[in-house]
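Student: Could you take me through one part of this model closely? I'd like to know what it packs against, and what to be wary of elsewhere.

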Amino acid sequence: MISKQIVLRVLLLSIAVVVLACNRDNDEGQVKAQTQPAAPAAAPPVPELSLPPDSGLPPTIDSARAMQYVKEMVAFGPRPVGSANHKKVEDFITSHLRGDTVEDDVFTADTPEGKFPVRNVVAKFSGIKDGIIVIASHYDTNYPLRNTSYIGANDGASSSALLLELANQLRGKKRDGYSIWLVWDDAEEAMKPDTELPFEKDSLYGIRHLAEKWQADGTLKKIKAFLLADMIGDADLNIDRDQNSTPWLEEVVYQAASRLGYQSHFFGRDNQVTDDHIPFMQRGVPCADLIDFDYGYNNVFWHTPQDTVDKLSPKSLEIVGGTILETVRILDKMEPLPPK
Ligand SMILES: [Zn+2]
């Protein structure tokens with residue numbers, strides 16, 4: 001899923017139209033939206049980057065296994081924070097990380113709907129270079145939709161399942177690059193529709209807590225890049241170029257996709273997304289949000305009971321998973337990494 005208050009979508013095909021899609025969907029999952037004319041947005045400048053040469057065999061994942069994880073996660077049903085299903089999904093994730101180095105970040109979030117237990121799970125895979133690359137996905141489903149059949153196959157499960165498969169790929173291998181920390185973050189979704197709170201105050205609970213914690217303990221300074229995956233399972237995969245992300249890191253992602261022949265699935269559209277990367281962007285960490293916020297015609301499947309596994313494709317998981325791993329491989333060899 002993604003929780004966002006405002007999405008500025010720029011349609012680049014002709015005269016730009018800005019669509020303001022409000023996150024405050026009601027219990028039926030209807031998204032309020034309005035359109036207004038706007039000046040065409042300038043395309044973000046493409047940074048000049050000195051990339052290391054292509055380094056041989058492309059990284060791969062087991063996309064069938066990743067899709068099986070998606071199916072198993074959604075089989076638990078809706079998984080909003082504080083629910084029994086949520087606990088089952090926590091256990092599902094951690095059961096696949098047995099033997100790995102795992103850090104739990106557990107706290108109580110004070111929300112407009114009351115206090116809720118929140119749990120971020122971090123699996124750490126050590127490298128020999130000084131620095132950390134974080135790859136994150138939220139795993140909760142939308143709290144206001146807790147009484148519906150909304151299961152968030154794309155919105156939350158697809159990316160969280162992909163991270164489990166990335167763990168499989170990283171496990172037991174000596175890394176000659178940066179350490180990789182996989183983060184399954186919690187309570188990304190807004191808790192209350194039509195709250196008077198600013199959006200950023202009623203969403204992103206888990207990742208905000210983690211960013212604050214890592215800032216306080218000095219971890220944040222070691223993070224070289226923050227890669228976020230959200231809504232990446234759509235069979236019709238078109239990853240947005242997010243203008244709230246770091247331009248040079250977005251460019252590295254695009255170059256990584258191009259090296260794998262996946263460039264047609266990336267950046268055909270510009271977007272401006274409020275998502276889990278924002279607290280890290282605000283603290284000066286280079287971020288890239290990999291998200292396809294066009295899920296069905298006019299995003300009709302987003303936050304609805306129609307967000308089901310049949311809309312997804314293992315090929316999309318393979319495209320995004322491979323691109324993330326190739327991005328990491330490029331970052332490992334870029335010396336020095338650009339400043340933010
Ligand atoms: Zn969502």
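**A close look at helix α1**

Tutor: Let's get one oddity out of the way: L204 sits in the loop between β7 (179-185) and α4 (205-216). Its phi is near 55 degrees, which is a positive value in a residue other than glycine. Helices (H or I, at least four residues) and strands (E, at least two) are DSSP runs, numbered from the N terminus.

Before we go on, this is a predicted model: local features need pLDDT of at least 70, side-chain atom pairs count only at pLDDT 80 or more, and totals for chains, interfaces and linings use all residues. Residues are numbered from 1 along each chain as its sequence is written, and side-chain values use heavy atoms, with hydrogens and water left out.

Now to α1 itself. Two packed helices are described by the angle between their axes and the distance between the axes. Axes here are lines fitted to C-alpha atoms, for helices over the stretch in contact, and angles run from 0 to 180 degrees between N-to-C directions. Angles under 35 degrees count as roughly parallel, over 145 as roughly antiparallel, 65 to 115 as roughly perpendicular and the rest as oblique.

Take α3 to begin with. Helix α1 (residues 63-74) packs on helix α3 (residues 153-170) at about 135 degrees, with the axes 8 Å apart, so the two are oblique to each other. Their crossing is right-handed (the near helix is turned clockwise from the far one by less than a right angle; anticlockwise would be left-handed). On the α1 side, R65, A66, Y69, V70, M73 and V74 make the contact (heavy atoms within 4.5 Å), and their partners on α3 include A157, A161 and L164. By class, the residues of this contact are nine nonpolar, four polar and two charged; Ala, Val, Leu, Ile, Met, Phe, Trp, Tyr, Cys and Pro count as nonpolar, Asp, Glu, Lys and Arg as charged, and the others, Gly among them, as polar.

Next comes α7 (314-333). α1 packs on it at about 110 degrees, again with axes 8 Å apart, which makes the pair roughly perpendicular. S63, A66, M67 and V70 of α1 meet P314, L317 and E318 of α7, giving five nonpolar, one polar and one charged residues.

With α2, the angle is about 155 degrees and the axes are 10 Å apart, so α1 and α2 are roughly antiparallel. Y69, E72 and M73 of α1 touch V89, F92 and I93 of α2.

F92 turns up again in one of the structure's 10 aromatic pairs (ring centres of Phe, Tyr and Trp, its six-membered ring, within 6.5 Å; planes under 30 degrees apart count as stacked, over 60 as edge-to-face and the rest as tilted). F76 and F92 are edge-to-face, 5.8 Å centre to centre with 65 degrees between the planes. F76 lies in the loop between α1 and α2 (84-95), so this pair ties together parts that are 16 residues apart in sequence.

As for being wary: mean pLDDT (the predictor's confidence in each residue, from 0 to 100) is 88 for the protein, with 85% of residues at 70 or more. Over residues 3-40, though, pLDDT stays under 50. Where pLDDT is low, the predicted coordinates should not be read in detail.
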